[in-house]
Amino acid sequence: MIKEIIVVEGKDDTTAIKRAVDADTIETGGSAINREILERIRLAQERRGVIVFTDPDHAGERIRKIISSKVPGCKHAFLPQELAERRGDIGVENASTESIRIALNNVKTEYEGAVSQLTWEDLIEAGLIVHPDAAARRLAVGKKLGIGYCNGKQFYKRCAAFQISREEFEAALELISPPER
């Protein structure tokens with residue numbers, strides 16, 4: 001049994017989670033999170049802790065941001081898009097039980113007010129921002145770090161929030177080719 005309550009988007013996600021692990025879930029009902037759902041998530045965070053496990057798409061990221069801004073200190077589980085896709089549909093409900101277990105075994109904890117060990121210049125030098133292939137490079141590095149895909153500004157924030165060390169960052173960069181200048 002997973003101690004924390006897992007926040008997912010819908011019923012199909014709950015079904016997929018329960019196939020993979022023994023856990024309780026809260027369903028947001030999509031991207032229009034209301035006050036009542038946020039209050040349930042806040043209470044769950046206080047009593048048992050919360051793992052946010054949304055779809056690796058724009059709507060899922062929007063939900064993740066809303067929850068993070070309203071309920072600090074949540075843990076986050078991330079799935080790469082290719083492990084959550086079936087016939088063009090992207091979602092947790094499409095992931096294999098093994099992929100779900102791996103994502104839940106690699107949760108990241110968000111720290112409010114965390115100071116990044118990385119600089120904006122580190123991201124530029126690594127070709128993760130202000131580079132023609134920045135999006136693909138962030139996708140690869142985000143996958144290795146277990147923080148998912150996001151834009152440059154959000155990538156920088158996640159590195160701080162999840163306390164990504166310089167060593168972790170450099171190890172992830174070694175897996176991709178150096179940026180061409």
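**Figure 1. Confidence of the predicted model along the protein chain.** The protein chain averages a pLDDT of 93, and 99% of its residues score at least 70; the structure shown in every view is a predicted model. Among the elements of the chain, the highest mean pLDDT, 98, belongs to E1, whereas E7 has the lowest, with a mean of 90.

**Figure 2. The open sheet of five strands and its edges.** Read across the sheet, the strands follow the order E2-E1-E3-E4-E7, and their pairing is mixed. The edges are formed by strand E2 (25-27) and strand E7 (108-109), each of which pairs on one side only. The edge strand E7 is also the element with the lowest mean pLDDT, 90.

**Figure 3. Close-up of strands E1 and E3, with helix H2 packed on the sheet.** Strand E1 (residues 5-8) and strand E3 (residues 50-52) run parallel and are joined by three bridges. Within this pair of strands, Val7 stands opposite Val52 in E3. Helix H2 (residues 35-47) packs on the sheet, where it touches E1, E2 and E3, and the direction of H2 makes about 160° with that of E2.

**Figure 4. Packing of helix H1 against helix H4.** Helix H1 (residues 11-20) packs with helix H4 (residues 97-105) at an angle of about 85°, and the axes of the two helices lie 9 Å apart. Because angles of 65 to 115 degrees count as roughly perpendicular, H1 is described as roughly perpendicular to H4. On the H1 side the contact is made by Ala16, Ile17, Arg19 and Ala20, which meet Thr97, Ile100 and Arg101 in H4. Sorted by class, the residues of this contact between H1 and H4 comprise four nonpolar, one polar and two charged.

**Figure 5. Crossing of helix H6 and helix H8.** The axes of helix H6 (residues 134-145) and helix H8 (residues 166-173) come within 9 Å of each other and cross at roughly 125°. This angle falls outside the ranges that count as roughly parallel, roughly antiparallel or roughly perpendicular, and H6 and H8 are therefore oblique to each other. The crossing in which H6 passes H8 is right-handed. From H6, the residues Val141, Lys144 and Leu145 meet Glu168, Phe169, Ala172 and Leu173 in H8. The residues of this contact of H6 with H8 divide into five nonpolar and two charged, with no polar residue among them.

Notes: Residues numbered from 1 in each chain as written. Predicted model: local features only at pLDDT ≥ 70, side-chain atom pairs only at ≥ 80, totals over all residues. Heavy atoms only, no water. Axes fitted to C-alpha atoms, helices over the stretch in contact; angles between N-to-C directions. Helix = DSSP H or I, 4+ residues; strand = E, 2+ residues; numbered from the N terminus. Parallel < 35°, antiparallel > 145°, perpendicular 65-115°, else oblique. Left-handed = near helix turned anticlockwise from the far one by under 90°. Contact = heavy atoms within 4.5 Å. Nonpolar A, V, L, I, M, F, W, Y, C, P; charged D, E, K, R; others polar. Pairing = 2+ DSSP bridges. pLDDT = per-residue confidence, 0-100.
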